[in-house]
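Colleague: Could you take a close look at one part of this model for me, and then walk me outward from there? I'd like to know what sits where.

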Amino acid sequence: MAELVPFAVPTGSDKTLLVWELSSGPTAEALQLSLFTVFSQFGLLYSVRVFPNAAVAGPGFYAIIKFYSARDAHRAQKACNQKQLFQKSPVKIRLGTQHKAVQHNTLALNSSRCQELANYYFGFNGWSKRIIKVSCFSWKPCGQREEECLSDFSFEEFTVPELE
């Protein structure tokens with residue numbers, strides 16, 4: 001079954017992973033990089049955020065990881081839960097819980113995030129902000145075999161302004 005991945009900030013709990021029991025040895029920045037490296041293997045990530053545990057929980061960190069795709073988040077949770085990903089002790093991973101009473105407003109992605117998302121899912125890394133308008137063309141026979149050729153070709157070029 002196909003999954004629709006909108007060009008919007010991911011808000012669904014089914015796209016969010018909670019990772020805890022992260023060790024207190026490395027810095028939050030080092031953990032963030034390690035988490036990004038591991039979880040980006042499952043799909044495109046929107047964000048990886050690392051936080052220190054509350055004082056009552058003891059030393060260490062937890063993380064919130066957002067995927068664009070619910071399918072990718074589910075695969076990552078299934079494959080990585082209770083595994084020693086990059087530390088000596090296993091981590092615990094759960095999909096976010098859904099709260100029916102909470103309504104999320106859909107926020108549009110900025111242009112660089114849209115380009116990143118399109119590049120990832122369409123497998124293309126050559127998007128342009130140029131729009132070429134083709135006009136004034138006609139078909140005419142050419143050659144011995146009556147092949148059709150494009151003649152009277154002209155184009156106009158526009159640059160898309162930044163949306164940010």
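Modeller: Let's start with Phe122, which counts as exposed because its relative accessibility is 56%, where anything over 50% qualifies. Keep in mind that this is a predicted model. Phe122 belongs to helix H3, which covers residues 111-122. On the surface, Phe122 joins Phe7, Tyr120, Tyr121 and Phe124 in a nonpolar patch, and together they offer about 530 Å² of accessible area. Right after H3 comes Gly123, with a positive phi near 65°.

The helix itself behaves as you'd hope: twelve residues at 1.5 Å a residue should span 16 Å, and the end C-alpha atoms of H3 are indeed 16 Å apart. Not everything in H3 is out in the open, though, since Leu117, Ala118 and Asn119 are buried.

Now over to helix H1, residues 28-39. H1 also has twelve residues, and the distance from its first C-alpha to its last is 16 Å, close to the 16 Å expected. The buried residues here are Leu31, Leu35, Val38 and Phe39. They sit on the same side of H1, because they cover an arc of only 80° around the axis. The general rule behind this is that an α-helix has 3.6 residues a turn, so residues three or four places apart point the same way. Glu29 and Leu33 are exposed, on the face of H1 turned away from the buried side. And what does the buried side pack against? The list has strand S1 (16-22), strand S2 (45-52), strand S3 (61-67), helix H2 (70-80) and strand S4 (92-95).

Helix H2 is a good next stop. Gln77 is in this helix, and with a relative accessible area of 14% Gln77 is buried, the cut-off being under 20%. Setting aside neighbours within four places in sequence, Gln77 touches Leu17, Ile93, Arg94 and Leu95.

H2 also holds one of the salt bridges; a search of the whole structure turns up two. In this one, Arg75 pairs with Asp72, with the closest N and O atoms 3.3 Å apart. Arg75 and Asp72 are three residues apart in H2, so about one helical turn separates them. Asp72 is buried, at 9% relative accessibility, whereas Arg75 is partly exposed at 40%.

The other salt bridge runs between Glu21 and Lys92, and there the closest N and O atoms are 3.3 Å apart. This pair links distant parts of the chain: Glu21 is in strand S1 and Lys92 in strand S4, 71 residues apart. Both ends are partly exposed, Glu21 with a relative accessible area of 39% and Lys92 with 26%.

One last stop, strand S3, where you'll find Lys66. Lys66 is partly exposed, with a relative accessible area of 25%. Beyond its neighbours within four places in sequence, Lys66 is in contact with Pro10, Lys15, Thr16, Leu45, Tyr46 and Ser47. If you'd like a distance to check in your viewer, try Lys66 to Gly12: the two are 54 residues apart along the chain, yet their C-alpha atoms are separated by 9.0 Å.

Key. Residues are numbered from 1 along each chain as its sequence is written. This is a predicted model: local features need pLDDT of at least 70, side-chain atom pairs count only at pLDDT 80 or more; totals for chains, interfaces and linings use all residues. Side-chain values use heavy atoms; hydrogens and water are left out. Patches are made of residues with over 30% relative accessible area and no salt bridge: like charges are joined within 9 Å, nonpolar side chains (Val, Leu, Ile, Met, Phe, Trp, Tyr) within 5 Å. Accessible areas come from the Shrake-Rupley method with a 1.4 Å probe; for residues, only the protein chains shown count as cover. A salt bridge is a side-chain nitrogen of Lys or Arg within 4 Å of a carboxyl oxygen of Asp or Glu. Helices (H or I, at least four residues) and strands (E, at least two) are DSSP runs, numbered from the N terminus. Buried means under 20% relative accessible area, exposed over 50%, partly exposed in between (1.4 Å probe, protein chains only). The expected span of a helix is 1.5 Å times one less than its number of residues. The arc is that of the directions from the helix axis to the C-beta atoms. Contact means heavy atoms within 4.5 Å.
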